[in-house]
Amino acid sequence: MKVRIKFSKVGSMKFIGHLDMMRYFQKAIRRAEIDIAFSEGYSPHMIMSFASPLGVGITSSGEYFDMELSSNISSKELVERLNAVMVEEVKVLSACKIPEDKKNNAMALIAAADYTVTFRKGKEPCENWENKVEDFYNQEQIMMLKKTKRSEKEVDIKPSIYGIFAEGGAVKMKVAAGSVHNLKPDLVMEAFAKYLDAPLAPFALCIHRDEMYANLGDETSRKLIPLDELGEKMYE
């Protein structure tokens, strides 16, 4: 049985990197005595995969990983058993059964993500910046220098911003995510600061990932669905 787990990561746990989070959940699964399936061969390992690595220093209430179980268990019991052995700053929010074919792998499905970005006190770019978010987004192009491991080039990032607005002292945005197109929220905020002609101060941003989505439509007609809505609850 293939299961998708949704979890949150807040507080000081935001400083734990992706590989350490994987090890953390492997240990939690053992402590909770979850009957997870293992790969075959000389070095068997738990069959599990995370949807998208979360950057160090970023909190989230919309993280996912898939795992395979060797026996049935209800969603309620799975969530309770995992939360009983974990720290308060990491909490399993839901568990659902998903189809077992490879195209339903969380990592492959990711197409977009929601973020909430706030400024640390005293590090706002300027006064009344909230009133300028809409004008920033209404530009025909938003050109920025995008760096990769191999190169850097100036690109128009606007097509990868699916929506952005200011609310309650925060910037809310929906951006492209995944292996094909991926836009980091801090690059969007750098572009916004550039538009304001007010460079960001060091460590000015607090970034929180709210949700991750699969696209059941196409690039011209997106139909974004939260990853946990692609499965169904498990009952005894």
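## Exercises on a predicted model

Thr116 touches Ala170, Val171, Lys172, Cys206, Ile207, His208 and Asp210, when residues up to four places away in sequence are left out of the count. The model is a predicted one, and the exercises below begin with this residue.

**Exercise 1.** Determine in which strand Thr116 lies, whether Thr116 counts as buried or exposed, and with which side chains the side chain of Thr116 makes polar contacts.

*Solution.* Begin with the secondary structure, where Thr116 is found in strand S5, which covers residues 110-119. Turn next to accessibility: the relative value for Thr116 is 12%, and buried means under 20%, so Thr116 counts as buried. Finally, look at the polar partners, both of which appear among the residues that Thr116 touches: the side chain of Lys172 makes a polar contact of 3.1 Å with that of Thr116, and the side chain of Asp210 is joined to that of Thr116 by a polar contact of 2.8 Å.

**Exercise 2.** Place Ser49 in its strand, and identify which residues Ser49 touches beyond four places in sequence and which side chain is joined to that of Ser49 by a polar contact.

*Solution.* Ser49 belongs to strand S2, made up of residues 48-50. With residues up to four places away set aside, Ser49 touches Phe65, Asp66 and Asn105. Of these, Asn105 has a side chain that is joined to the side chain of Ser49 by a polar contact of 3.3 Å.

**Exercise 3.** Describe the largest cavity by its volume, its lining residues and the classes to which they belong.

*Solution.* The count gives one cavity of 30 Å³ or more, and the volume of the largest cavity is about 60 Å³. Its lining consists of Phe7, Lys9, His18, Met21, Phe50, Ser52, Pro53, Leu54 and Glu63. Sorted by class, these comprise five nonpolar, two polar and two charged residues. As for the elements involved, strand S1 (2-9) and helix H1 (18-31) each contribute at least two residues to this lining.

**Exercise 4.** Locate Leu54, one of the lining residues of the largest cavity, and establish whether Leu54 counts as buried or exposed and how its position relates to that of Lys9.

*Solution.* Leu54 sits in the loop between S2 and strand S3 (59-68). Its relative accessibility is 8%, and the limit for buried is under 20%, so Leu54 counts as buried. Leu54 and Lys9 are 45 residues apart along the chain, while their C-alpha atoms are separated by 9.6 Å. Lys9 is also among the residues that Leu54 touches, the others being Thr59, Ser60, Glu63 and Arg209, again without residues up to four places away in sequence.

How values were computed
Residues are numbered from 1 along each chain as its sequence is written. This is a predicted model: local features need pLDDT of at least 70, side-chain atom pairs count only at pLDDT 80 or more; totals for chains, interfaces and linings use all residues. Side-chain values use heavy atoms; hydrogens and water are left out. Helices (H or I, at least four residues) and strands (E, at least two) are DSSP runs, numbered from the N terminus. A polar contact is a pair of N or O atoms within 3.5 Å; within protein, one must be able to donate a hydrogen and the other to accept it, and residues adjacent in sequence count only if both atoms are side-chain atoms. Contact means heavy atoms within 4.5 Å. Buried means under 20% relative accessible area, exposed over 50%, partly exposed in between (1.4 Å probe, protein chains only). On a 1 Å grid over the protein atoms alone, a cavity is a set of points where a 1.4 Å probe fits but cannot get out, and a pocket is an open set with protein on both sides within 12 Å along at least five of seven lines; lining residues have an atom within 4 Å of a point. Grid points are joined across faces, edges and corners, and a volume is the space filled by probe spheres set on the points. Ala, Val, Leu, Ile, Met, Phe, Trp, Tyr, Cys and Pro count as nonpolar, Asp, Glu, Lys and Arg as charged, and the others, Gly among them, as polar.
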